[in-house]
Amino acid sequence: MRLVAAPAPISRGASTPNLRLVRRTLLIAALLSILAACSGSGEPVGEPGIDVIDVSGPLDASALEFMNDSIEGAAASGQELAVLQINSRAVLDDRAFTDLIATLESPPLPLAVWVGPAPAVAGGGAAQIAMRAEHAAISPGSSFGLLAPVIAGESGEEVALDGAIPAEETGLDLQPSIRQYLQDLNGETFQTTDGPVTVETIEPFETGITLKPVTFRQPGLGVRFFRLAATPEAAFFFLVVGLAIASFEFFAIGPGVAAGVAGLSLLLAGWGLVNLPVRPWAVAVAVIGWALLTAAYQKGGVLALTLLGAVMLQVGGTFLVDGGGQIDPRWYLVLPSVLAVLFFFLLAMPTVQRARFSTRTIGRDALIGERGVALESFDPDGVVEVRGARWRATAHREAGLTEGAEILVAGVDGMFLEVEPAGSPREN
């Protein structure tokens, strides 16, 4: 496709520019200018505002590093003030906590802390963040949780106060909302690495005054995704669900969508177990409980094994984390995960497996003595077809069953048929 010249050349000997291309270029430039003008929520570029850094839940390394990076970013962008909004019962990482405290004690810009909104709790190192800040407040109805240990799972430094403390007894200013707190900080002086700075959080307009632009900052989607397993109950849930679905995939033959769900659940569980102060023996007890439930299912539902497996799951989940009273697992929140796994093994797995491997309901005991065909080579387990239905089956390795071989059902072992080559002495 060739460009068409405009009727009137700009100058002799010069080609005429494509007017459509020029208009398109100008339109794109105008759109980019509009986007740039709107990038500050409608505020003039470069006008200082306020960053509220909001992180809830146990403060692991990723959350603490996000808070530290956000403070540095607010200073680099010329913000007037940064406020840490806290609602966390425990801190999980010593190194990142130490880095944040160092920033808090020598901030690059005015920095305040607010524990809220109610009923927020600041415990352990999270309470230390509020107590060490030059300016800090708490919302009525919020409280300090257990102050020791500072880092969950570690003995750490002993703290004089060692119990839940209501907002009125924390010694912090009472501020019911973040907006009210920001208004009251107007005119306050903060110590920074550049010396004392007096902040101006409000600005006048034609009919009164208003807060300067406020930006709420939270961790990115990736960090928030992994922090789904930041609590003991959530980490235990992802662990047992991942293991249960892995068992289903083993019995259902071949990986599928469930295998991906199991892998994702175990990935989240692993992230939680790495960051939380877990008790290794409790993890082992939970895994053994899962193994017992799997064995009971394979044998057709042995009640004793099923009950023992469920009890071990409950014990493992209840004692999974040594949270020092700050983030210890609560048995009544662990119990629903255990019941869900029991339901999965006792009802869901048999139903799904029968639907997947059979075309109709057939009594397994009635299959003894029936002939069928092997649908794959046995080593020593495989799949057979008997009376038009597909079944999981097992055979002795010496049987040498290959795909297409004729088989005889010799017995039933739980969810498995015991088979042997047709024409064996048992058939005669």
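In the predicted model, strand β2 pairs with strand β3 (residues 111-115) in the parallel sense, and five bridges connect the two. Within this pairing, V83 of β2 lies opposite A112 of β3. The chain passes between these strands by way of helix α3 (residues 94-105), and β2, α3 and β3 together constitute a right-handed β-α-β unit.

Strand β2 is also joined to strand β1 (residues 50-56), again in a parallel arrangement, through seven bridges. A right-handed β-α-β crossover links this pair, the chain running from β1 through helix α2 (residues 61-76) to β2. Here V83 serves as the bridge partner of V52. The residue V83 of β2 is thus matched with V52 and with A112 in β3.

Strand β2 itself spans residues 81-87 and is mostly covered, with six of its seven residues buried. In a regular strand, side chains point alternately to one face of the sheet and to the other.

These pairings belong to an open sheet of six strands with parallel pairing, arranged in the order β8-β5-β3-β2-β1-β13. The edges are occupied by β8 (173-174) and β13 (214-217); each has a single partner strand, so one side of each remains without a neighbour in the sheet. Strand β2, by contrast, stands between β3 and β1 in this order.

Terms used. Residues numbered from 1 in each chain as written. Predicted model: local features only at pLDDT ≥ 70, side-chain atom pairs only at ≥ 80, totals over all residues. Heavy atoms only, no water. Buried < 20%, exposed > 50% of the residue type's maximum accessible area, 1.4 Å probe, protein only. Helix = DSSP H or I, 4+ residues; strand = E, 2+ residues; numbered from the N terminus. Pairing = 2+ DSSP bridges. Right-handed = clockwise from strand over helix to strand, strands pointing away.
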